[in-house]
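This report concerns the strands of one chain and how they pair.

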Amino acid sequence: MAADVVTVSVAWAPLALLLVVAAAWWAACLDAVVSGGRWGAPAAEAARLLRQRRRTLLAADRLLWRLGGGGLLVAALLMVAVIPLGRWTLSDLGVGVVWFNAMDVLVWALVWMAGWGANSTHALVGGYRFLAQALAYELPLMFALTAPAVGAGSLRVADVIAAQHGLWFVVWMPVAFVVFCACVVAFSVQGPFAAAAAADIGGGVLAEVSGVDRLLLLVGRYALLAAGSAFAVVAFFGGGDGPWLPDWVWTLVKTFAVLSVLVLVRRRVPLLRPDRLVEVGWVLVLPLTLLQLLVVSVVVVVR
Amino acid sequence: MGLNELLGRWAVRRAHVLVIEVPGAAGVRMAVERGLTARSWVQATSPAEADVLAVCGSAGPRMSVVIAAVWDQMPGPRTRVDVVGSAGVPAALNAAAVALLDSDAQRSDATSRLGSWTDTDDERDAGDENDDDHQRDESNGNDGNDGEASHGDMDIGEDHGHMDMGEDHGDMAMDMPMPGGIGLAEGGQDRDGLEMDVLHVPLGPVLPHWPPGLVLTCTLQGDVVVQATAEIVDPVAGRGLPVTGDARRDVLVDRCDDVARLLAVAGWGSAAAQARQLRDDALDGVALPVCAAGVARLTRRVTRSRVLGWSLRGLCTATRAPGQDSSAAGSDVLAVELPDRLRGWLEEAAAAAAAPTGSLAGVGLTDVAFTDAIPPVALPQLVTGLDLAAVRLIVAGTGVVADLTASAAGARAR
C-alpha cells in the first residue's frame, strides 16, 4: 500500500508558509465577521501592530520571550512540512504522525517561554495556565492521533491517506476525530481553550507584548489552528481524495472547511477553566479515546 | 511617507482603547464602550495592547498616579483622552483618531520619552536590536534609534505585574543585586506544603472588567492567592450609573452590564457582547418588549450552557472557612452560587423590561442599588486560597463598592 507522494525541494517551503499564513488570515477574517466586525479587520489589526512599537521590559528574558512569540508560526510550518498537498510533500517522513505530535509538544515550551520571558506576573500566570491545559489535552491528543496510524498500519502520513481510499477514517473513528479537533483548538490557545490569553489576567501571555511581537503571536495562534485543520484532513478526511477536482485542490478545500468549522464552533463555548479541564480530560476524554483505539485495533485485526 | 500614511489610516480603523473607569463614572464608561462599538474599535486588555487611553470621569489624586504609570507603559503611537461626560464621547474618540495619525506629534512624544531612559544591562542588550527595529521605526515615522529607549521610563519598577501602582517590589530583598535591581522573590510553603516563590502583586485598579478603583493587593504563590488586602482608590459616593428617566430602563441597563461583566470574565466573549448590546439597546430607547425578548434569548443561551455552569459553580462554597462567623460581612454573598446570581440578574432584567409602568414596585424591584455588592474589607476572606481565575470571577460576580450605604443613597438620589 505504498502511496505515491513526491518529495519536493525545500525551496518550496516559502509557498507552504504562504499557504499557512493565508489560511490563518482566512480564519482571522471569518472570526472578525462572525464577531460582528468587517472582513478588513485583520488587515487593520496587522497595520496597527506594524505601526506600534515593541516594548522592552525590565529584566525580561529577551531570548526566551522572543523565541516563544515567534516560534508558534515556525511550529505551524514544521507541522505542515509532513502534510502532503495532493501529491507533493516537503518531507515524506516515515514517522510523520509522530513528527506532528512532537511539534505540538513544542508548543508547550513556546507558550511557556512567551509567558515566562516577559517577567510579568500576568504573563507568567498565562504560562502556568497553558501548562495545566496541556496536561489535560496532550494524552487524549496522542491517542486520538494513534487511531489513524493504527488504522493505516503506518506512521507515514502518505500511508495514512492511502489507507482511507474508499472509506475515510472520520466515518469509523468519529471520537478520535472530535477529540483531535478539540485538541487542535487547545494547542492553538483559541476559543474555549484560550485561558492562557484570557482577559481576566490582562491578556496573559499577550499581556506585555506589542507591535510585531504581538502580531507574530496572534498569527502563530491562527497558523497552528490552520496546520491542525490540515492534519485533520489527512488523518481523517482522506487528504486529497475526492471526485472531479485535482487532489491538491481537495486538500485545500477540506482544510479551509475544517478550519472554518473550528472557528465557528469555538465561539459557541465559554472558556474552559484549565484546573477543571484536567479532570475531564483524564477521567472522561482519555478513556473514551482509548475505547475508540480499542475498536480500531479490533477492526484492524479482524479485517 | 506614502506607506506610513496608508498603514496609519488602516490602523486607526481598529484602534485598541484601554478604558479606565474612575469610581463614580459607570455611565461615562458605558458611553465610551458604545462609542468603541460604533467605530469598530476594540477594548484593550492591557497597556501594552493599547493605542488610546480613555479615562472615564475625573481622576482623583491617587488614581492620577496610577493612570500616569499606565500611560508610561503604553508602547506608542499613543494618545490619551479624558472623558468626563457621556456627551463628550464622540468628540473625544475623534480627537483620539486624529492624534494617532499625527506623525509629528507622535514622533516628538517618542523623543520626549528618551529623557527618562535608565541604562541597565537589559537596556544595553536592547541596543543590539536596534538594527532589527530599524524598519519598523521608519514605518513609525521615527528616526530609527529610539525604538527601545523610548520604553526606558516604564522600566523603573512599575512594570512587573503590570497595571499596578509601582510598589510591588517594596518588600522583596533589595540588598541582593539582580538584573534591573529587582530582588529575588522569597520562598514560602504553599497550600500543599511545597516550597514556592512568593510574589506580591496588586490587582487593579486598571484591569478589564474590574470594579472601578479597586486594588486587591495579593500575595501569590503560583497563581494562588495566599493573602490579600483590598481598598478602593479615591472612593466616591454612588456609581454614576446612566439616568434614562425610566426606572425600568435603569434596572435593565445596570443588570445587563453586570451580566456582560461576569460573562466577559468567564471568557465567553460572544455572550458578553450580546449582553452589552442589550444594555446599549436599553440606553438607546429601544422598545421595552423588544428588550424583553432579547433578555429572554440571552437567558436561554446562558442557562443552556452546561459548560458555563460547570466553570462557575463551586467557587463560593469553597471559600467558606470552617468556623467562619456567619454574620461577617460578605458571608451572605457567599451563599449564592455564581450561575444562580447570573440567572438572578437576568430575571431582574426581564422583570424590569416586562413591568407595566415606570414603577418597579409591582415586580418586587425597588431600587437600582448594587444589592450584591460588598465593601472592600469583606473581599480578602472571600478570595484567600483561590486561584486568580476564581478570584476574578468572584469579584465580577459580587462587585465591590467603597460604601454600601452611600451607593444605595446615591442610587436613590437619582
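The text below takes the strand pairings in turn.

The model is predicted. Strand β3 (residues 52–56) of chain B is mostly covered, with five of its five residues buried. In a regular strand, side chains point alternately to one face of the sheet and the other. On one side of β3(B) lie B:Val52, B:Ala54 and B:Cys56, on the other B:Leu53 and B:Val55, and all of these are buried, leaving both faces covered.

β3(B) pairs with strand β1 (residues 16–21) of chain B, to which five bridges join it in the parallel sense. Within this pairing, B:Val19 is opposite B:Ala54 of β3(B). Strand β4 (residues 79–83) of chain B also runs parallel to β3(B), again with five bridges. Here B:Val55 has B:Asp82 in β4(B) as its bridge partner. Between β3(B) and β4(B) the chain passes through helix α3 (residues 61–73) of chain B, giving a right-handed β-α-β crossover.

A further group of strands in chain B, β5-β6-β7-β8 in that order, forms an open sheet of four strands with antiparallel pairing. At its edges are β5 (186–189) and β8 (224–232) of chain B, each paired on one side only. Neighbouring strands of this sheet are turned against each other by 30° on average, direction ignored. In the pairing of β5(B) with strand β6 (residues 195–203) of chain B, B:Gly188 stands opposite B:Met196 in β6(B).

The strand pairs with stated bridge counts are listed here.

| Strand pair | Sense | Bridges |
|---|---|---|
| β1(B) and β3(B) | parallel | five bridges |
| β3(B) and β4(B) | parallel | five bridges |
| β5(B) and β6(B) | antiparallel | four bridges |

How values were computed
Residues numbered from 1 in each chain as written. Chains lettered and ligands numbered in written order. Predicted model: local features only at pLDDT ≥ 70, side-chain atom pairs only at ≥ 80, totals over all residues. Buried ≥ 20, exposed ≤ 12 C-beta atoms within 10 Å, placed from the backbone. Helix = DSSP H or I, 4+ residues; strand = E, 2+ residues; numbered from the N terminus. Pairing = 2+ DSSP bridges. Right-handed = clockwise from strand over helix to strand, strands pointing away. Axes fitted to C-alpha atoms, helices over the stretch in contact; angles between N-to-C directions.
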